[in-house]
Amino acid sequence: MSGVHESQQDVDIDLGGLFGSIWRNRMRVLLATVACAGIAFAGANLVTPRYKGEARLLIETREPAFTTGQDRAQGRDQPAFDELGIASQVQLLQSADLIKQVARDMKLYELEEFDTTAKPSAVSDLLVLLGLKKNPLDLPPEERVLKEFAGKLVVYQVERSRVIGIEFTSKDPRLAAAIPNEMAKVYLSLQSGAKLDANSEATRWLEPEIANLREKVREAEQKVAEYRSQSDLPPTGDSATFAMRQLNDISSEVARVRGERASAEARAESVRAVLKNGGAPDTLSEVVGSQMIQRLKESEAQIQGQISDLSTSLLDGHPRLKGLRSQLAGIRTQIKSETQKILTSLENEAKTARLRETQLMQQLNTLKAETARAGEDEVGLKALEREATAQRQLLETYLARYREATSRTDSSSTPADARVISAAVEPTDVSFPKVIPITVVGGVVGFALSAIVILLAELFSGRALKPVGAAAAMPRRRDENVEELAEPVALEYEPLAAKGPAARPEYGAVRDMGAPPRSLLSDIGPEEKDEDVEISSEEAAAAEDDNDFSIAAVARHLIENNISVVVSVSPSGDRGSTATVMLARRIAEEHRKTLIIDLTGSACPTRLMAQSVHLPGITDLLVGDAAFGDIIHGDRLSGAHIIPRGNANIKRAMRGIDRLAMVIDALSDAYDAVIVECGPAEVEGVRRLTRGQETDIVLSIPGAGEDEIVDLIGAFGEAGYNEIVLMTGEGSEPPGHPGRRAA
């Protein structure tokens, strides 16, 4: 893998520095927050206030009071509305027909609030003329009102209930309360009207059906009567036929006659047996029950009594006694005669019973034949009766429904399946806009947007990235860094020959300090020279003269003056470039996002800071071989970033020197300090790089003499650079001849 991927894997996001950038730009964040809150407050006060009214309906099954008890007794309770039924009622409340009726009843088409397009603005007319907008006046007023009304209406089902809420928003609080109430009223009227229509339709349909059924019932009953007459099947009032009833009656009579015959024969036989055996006939119930026998018995008893009385005073031959005994014998003869008559009567009775039984049996056999014939005729009769009964029952059902539908044709008898449980009242509080919440939200949005912009700028610029690993986790002390970088010539670099044949010759060993390497700016082509700026000796004498030219002093000067772009020129070569690297690290230690751009020919800053000398850099960007985000890498030993020199052809890259200046300007917006290390560059090259503008110049000349310093300051001063800072790499005495500006 290339060094680019290695560098990208060895960096992390510096959260402390990332959020610290918000604190450093706190004034911008505060201004953005206040501005957004002010805009939100002003906008909320400019918006016309709107009011919201709400009415609520309870959906339930309702029946007239005079039929509710009867319906419940018959088990005709209607089921409650389910979820789909409630949802259907919500859609009904939002229907166009209901809204149009409410708009007509309340004359909403006369209000400007519900027909805003009736008076279009000039902008709207212009858009219509240009064909960018459809003319709203092409729609009828009723449709325009309907569209506006629907936008202000909200109908919803209260969760886990059969309650429907009707909300309406309006500029007029009176309308905000009146419209939901009117919608509820119209809805209840439509529901009741739907029931009335159903009852009226039922009445109109039942009337001809009832008349038709009456005729059918009459015809069916007439057929039954005619069939009975033809088949000799007169009605008996029950399910049995006339022949069957006769058969039953004869059977009962036969059984009775047989019983009487048997009883008569038994009694006659008992009397006959007593008479035959010479027994006393008065012991028989049939004899004792005869009145004649009873009178004869009474006479016998009297005569016996007289005989007994006279026997005491008269002799047996007395004529009186003889006459009484003669009378007693005659009475007993009469009793026997009467007993014989009773026997004859019983025998005659038994004989009559036998004759009656014979006659009844003959009639019974005749009725059996007639009953069989009547059963066959009854089959057809029952079919006709069933048809007549069915027609009669249907007629009775239709008559009952007709009477019920007729009784419910009145509006008071058909209540709607809903009722108002909460009428809308005129609101007193504004529902929109809520000034204070909107202002707070605007301030929060302003704060969030400004913070996001700052964080994104830090992330995309790379200043929020820091190196990770063992080297970064163990930062070295400042005096150790100074000691290491004070003598860069002692560093041993790996020859590029070890990297392979593709290594470039300028990435070899460190050159001899007696022959400092050249700068990339030395390959810039000639350009028309601008007019030189002459600097008088008086101005040079008036320049600031300090006693400290160390790296720490230069870093403190750049931080205190908030200098964002610095061009570092190192006439002494790699030793001066090493001091510049130390300067960048010192500034990064102060929690400032620092970037150093390597424009040296020897790539000394790249070797000291980057993970590899083969990373893409500024030359690759200028020739178009690398993207902007691929050339920024983290320092191995600090939080600073570096753009390496790169691997592209230097002369080809330097043709885009003008684009390099734009790159530096862009980087200065993302970093707190951008240091351009030019190495031993010529004044002309620096001037081309800075486009002749006033730019802070740092002369990194550790160990240089006073004459050399004065010559360099004079050269840059003549080129028009007034801000020149000396950096000797360590604390030293100022030169005898003052420079343009001393750190």
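The legends below describe close-up views of a predicted model.

**View 1. Helix α6 and the elements around its buried residues.** Helix α6 spans residues 96–106, and its buried residues are Leu98, Ile99, Lys100, Val102 and Ala103. These buried residues of α6 pack against three other helices and one strand, namely α5 (83–93), α8 (141–152) and α9 (173–231) together with β3 (153–157). Just after the helix comes Lys107, a residue whose phi is positive, near 55°.

**View 2. The salt bridge between Lys100 and Glu143.** Lys100, which is one of the buried residues of helix α6, forms a salt bridge with Glu143, and the closest N and O atoms of the pair are 3.6 Å apart. This pair links distant parts of the chain, since Lys100 belongs to helix α6 and Glu143 to helix α8, 43 residues apart. Glu143 has a relative accessibility of 30% and therefore counts as partly exposed.

**View 3. The salt bridge between Glu113 and Lys152.** In this view the side chains of Glu113 and Lys152 meet in a salt bridge, with a distance of 3.5 Å from N to O. Here too the pair links distant parts of the chain, for Glu113 sits in the loop between α6 and α7 (122–129), whereas Lys152 is in helix α8, 39 residues apart. Glu113 has a relative accessible area of 12%, so this residue is buried. Lys152 is likewise buried, because its relative accessible area is 9%, and buried means under 20%.

**View 4. The salt bridge between Glu148 and Lys152 within helix α8.** The side chain of Lys152 also meets that of Glu148 in a salt bridge, at 3.8 Å from N to O. Both Glu148 and Lys152 lie in helix α8, where they are 4 residues apart, or about one turn of the helix. An α-helix has 3.6 residues a turn, so residues three or four places apart point the same way. With a relative accessible area of 26%, Glu148 is partly exposed.

**View 5. Glu113, Glu148 and Lys152 together.** When the two preceding views are combined, Glu113, Glu148 and Lys152 are seen to be linked in a network of salt bridges. Lys152 takes part in the bridge with Glu113 and also in the bridge with Glu148. For the model as a whole, the count comes to 17 salt bridges.

Technical notes: Residues are numbered from 1 along each chain as its sequence is written. This is a predicted model: local features need pLDDT of at least 70, side-chain atom pairs count only at pLDDT 80 or more; totals for chains, interfaces and linings use all residues. Side-chain values use heavy atoms; hydrogens and water are left out. Buried means under 20% relative accessible area, exposed over 50%, partly exposed in between (1.4 Å probe, protein chains only). Helices (H or I, at least four residues) and strands (E, at least two) are DSSP runs, numbered from the N terminus. Contact means heavy atoms within 4.5 Å. A salt bridge is a side-chain nitrogen of Lys or Arg within 4 Å of a carboxyl oxygen of Asp or Glu.
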